[in-house]
Amino acid sequence: MTSKLTFLYSFLEKTAQTIYPNVCLQCDAEGENGIDLCQRCFQNLPWIEFCCQKCALPLTSDDAKICGACTTQKYFFDQTIAPFQFEGFIRDAIYKFKFNQKLNQGKLLAHLFLCCLENREYSLPDVIIPVPLYKKRLRKRGYNQALEVAKIINKKLNCDLSYTDIYRNRVTSAQMELPAKQRYNNVKNAFSLVRNSKDLKNKHICIVDDVMTTGNTVNEVAKCLKKAGAKKVDVWCIARVHI
Ligand SMILES: [Zn+2]
Ligand SMILES: [Zn+2]
């Protein structure tokens with residue numbers, strides 16, 4: 001995987017140009033190619049090498065295309081892309097981005113996602129929809145981390161970014177803090193489409209989120225979108241929790 005990663009690192013130069021000197025957010029060395037991460041730390045990120053094509057759960061080889069759970073469970077989304085396991089630098093960066101107002105960490109994470117996308121086969125969606133926060137949480141945090149990532153991704157891909165068509169209709173707890181059994185009910189029917197939403201019929205939509213834990217949250221968003229007539233719903237997130 002090392003030579004592939006060297007290539008990917010050089011690719012970043014095209015996507016993440018910045019005008020200030022880049023400093024690695026992991027080790028303080030000089031960052032290269034327009035991002036705040038040095039080549040060594042880039043190569044040591046918790047990349048997911050093989051994963052389930054449906055839910056991005058890390059697998060030990062590429063013998064199976066989908067994981068055991070996906071052979072029995074019905075998801076409303078069609079495919080998931082998640083470059084990283086939720087551990088090490090990626091986990092720390094997501095926490096800082098989400099809970100400590102460190103937007104530069106989010107910017108780096110979005111560029112790393114774009115870098116992974118470049119190396120994948122994917123079809124460009126018509127619409128990109130970040131997972132919405134509940135209004136009180138949004139007010140408290142000041143920003144929606146999924147929207148911040150989606151904005152950077154969309155700047156490069158130039159799709160239709162929509163963050164007002166779907167909303168979280170009630171308070172939910174963070175999935176990661178809940179025992180597995182409660183996660184399903186925590187987010188069940190937690191998302192609704194606004195009354196005058198744009199026409200999503202026959203659209204290919206990408207849901208963007210920071211972390212995918214069980215997949216229940218994005219599945220609920222996908223359910224809403226499929227009900228509205230979307231023909232294909234993919235999930236793009238930075239990291240996948242290995243449950
Ligand atoms: Zn470094
Ligand atoms: Zn799966």
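Let me begin with burial: a residue is called buried if 20 or more other C-beta atoms, placed from the backbone, lie within 10 Å of its own, exposed if 12 or fewer do, and partly exposed in between. What we have here is a predicted model, in which local features need pLDDT of at least 70 and side-chain atom pairs count only at pLDDT 80 or more, while totals for chains, interfaces and linings use all residues. Residues are numbered from 1 along each chain as its sequence is written, and chains are lettered from A and ligands numbered from 1 in the order in which they are written.

Ala-228 has 17 C-beta neighbours inside 10 Å, so it counts as partly exposed. Ala-228 sits in the loop between α9 and β8, where helices (H or I, at least four residues) and strands (E, at least two) are DSSP runs numbered from the N terminus. Setting aside neighbours within four places in sequence, Ala-228 is in contact with Leu-193, Ser-197 and Leu-200, contact meaning C-beta atoms, placed from the backbone, within 7 Å.

Turning to the largest nonpolar core, meaning buried Ala, Val, Leu, Ile, Met, Phe, Trp, Tyr and Cys residues joined through C-beta atoms within 7 Å, we find 63 residues, of which Leu-109, Ile-207, Val-208 and Ile-238 touch the most other members. Helix α5 (103–118) is among the elements that give two or more residues to this core, and α5 gives the most, with seven. Because domain 1 (1–44) and domain 2 (49–240) both contribute residues, this core lies between them, the domain bounds coming from an automatic or database assignment.

How values were computed:
Two residues are in contact if their C-beta atoms, placed from the backbone, lie within 7 Å.
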